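Q: Please take a close look at the salt bridges here, and describe the chain around them for someone who is new to it. I would like one connected account, with each term explained where it comes up.

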Amino acid sequence: MSLTIKLKNIGILKQAEFSIGDLTVICGENNTAKTYAAYALYGFLKSWDDFVKFPISDEQIHNFLTEGLLRIDLVKYVNMADQVLTEACKLYTQQLDKIFAAPEDGFHNSELYLQTETINLHNRGVEGNWHIPPLINYVKEMKSEELIVNLVMEREEKVDPSSVKTRLRSIINDIIFSGSFPQPFICSSERTGAATFRTELSFARDRLLKEMSQVQKNRDPRELLFKGYQRYPSPIEDNVNFMRQLEYIAKGESFIAKEHPEILTDFADIVGGEYVVTQNDLLYYIPKGTRSKLTMVESSSSARALLDLSFYLNCIAEEDDLLMVDEPELSLHPENQRRIAKLFARLANIGVKVFITTHSDYIIKELNTLIMLNHDKPHLKRIAEENGYQDGELINADQVKVYVAEKTLLPLEEGQKRRKRGHTLVPAKIHPKFGIGVHSFDKTIDKMNQIQDDIVWGEE
């Protein structure tokens, strides 16, 4: 999967371009638009199917409902994929105020565009069945350029043509863009609060629904609920909803649990215990080596900060996902920040793409180490073994993308004579031998060392 994102006028982010690697990092000082980039990307990946609209004529729908069979030439849709994606990005950009819970027209001059790898139908062999009315069976065989769709119901039955069109369009979307857009999961920086108040947030929402339904009987309470509750950016709301569903999520088993349980064992050591959800939806944290059951209010901030990541890794993670973590260093000791960096590298190596925003020099430097150790040289193998590094934690430089969010000179736009300054994302150089070059952290550390040298030696 190759995915490049271009942004313009997204919050304070004036202009930026970045690509998704196996492990993608955006770092930088506070208030430099790291979260704007992350949230804009997450929102599109979460909802792209709603905005990608390949044309399907009313005549095609009529023939399908009349004859029960439809043959679709997929080459036609492949040829218009770039245009359709561009239009989808424009439609999505019009919804950014909802994604960010911002005032209307707050993103009226924003632009977002995603560029994927070249579509190749021969790599998109798909066949499957839809069991949601209206019943549709569709087949696209490997190496085929035709999609065959059958209506699996009596043609005399009444059916909503617009519903059929929506189903067909979703099938075409899946085939044309199969593998282009990963399924995202996000851990927002507000996750500790979501963990602490998960039951209270659920109660508040249910109470709001009850009160609205009593006050205005003639309106759909779900509509009023959505309007009254949409006060947070979409990623934060998704975090809250995820926390509210832990009783059901906990019953799942991820591919990591099935195929790489050692990763979960090591992660539990970072957590320092385990999480338990009872049948009554009570959530407890049990510190390692004890029988104590602590509520989230009683638990450490690190236990709350790692809660949603733990349930994701154990219960729902799938290959080709995009795991997005805003400030993974939250409440973690420097040693555990190093260990979380190694966890991300291991996930990248087993097929889960990772995207993080961070202020942590420890995470960046640990990723440096993982890149620098990943060479077939005797002394590097000795160093890795002496310091407990595993082969699965080492990562290639070309798997990693790092961007520094900062205010600097922007590229010239058409019609401009002078370059302007603005917030953007600057690619960091990554050398296989020397690692990642992020000078903003080094400047701060060098300044602190200089001050301490002056304190110690200044009198002399």
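A: The chain averages a pLDDT of 87, and 86% of the residues score at least 70, where pLDDT is the predictor's confidence in each residue, from 0 to 100. This is a predicted model, in which local features need pLDDT of at least 70 and side-chain atom pairs count only at pLDDT 80 or more, while totals for chains, interfaces and linings use all residues. Residues are numbered from 1 along each chain as its sequence is written, and side-chain values use heavy atoms, with hydrogens and water left out. Confidence is highest in helix α12 (residues 255-259), at a mean of 98, and lowest in strand β6 (residues 126-130), at 47. Over residues 128-134 the pLDDT stays under 50.

The chain as a whole holds 19 helices and 17 strands; these are DSSP runs numbered from the N terminus, helices being H or I over at least four residues and strands E over at least two. Of its 460 residues, 47% count as buried, which means under 20% relative accessible area, whereas exposed means over 50% and partly exposed lies in between (1.4 Å probe, protein chains only).

Now to the salt bridges. Side chains of opposite charge can pair when their charged atoms come close. A salt bridge is counted here when a side-chain nitrogen of Lys or Arg lies within 4 Å of a carboxyl oxygen of Asp or Glu, and the whole structure has 13 of them. In one of these, the side chains of Asp58 and Lys165 meet with N and O 3.0 Å apart. This pair links distant parts of the chain, with Asp58 in helix α2 (residues 58-67) and Lys165 in helix α6 (residues 161-176), 107 residues apart. Asp58 counts as exposed because its relative accessible area is 59%.

Other pairs lie within a single helix. Lys90 and Glu87 are both in helix α4 (residues 81-93), 3 residues apart, about one turn of the helix, and their side chains meet in a salt bridge at 3.7 Å, N to O. Lys90 is partly exposed, with a relative accessible area of 48%, and Glu87 is partly exposed too, at 40%. In helix α18 (residues 378-386), Glu386 and Arg382 are separated by about one helical turn because they are 4 residues apart, and the closest N and O atoms of their salt bridge are 3.5 Å apart. Glu386 is exposed, at 56% relative accessible area, while Arg382 is partly exposed, at 44%. Salt bridges also join Asp266, Arg346 and Glu393 into a network.

The nonpolar side chains complete the setting. A nonpolar core is a set of buried Ala, Val, Leu, Ile, Met, Phe, Trp, Tyr and Cys residues joined through side-chain atoms within 4.5 Å. The largest such core has 67 residues, and those with the most contacts inside it (heavy atoms within 4.5 Å) are Tyr275, Leu323, Ile340 and Leu347. Helix α16 (residues 334-349) gives the most to this core, with 7 residues. A second, separate core of 63 residues includes Leu7, Ala40, Ile175 and Ile236.

One last residue turns the view outward: Trp457, in helix α19 (residues 439-457), counts as exposed because its relative accessibility is 53%.
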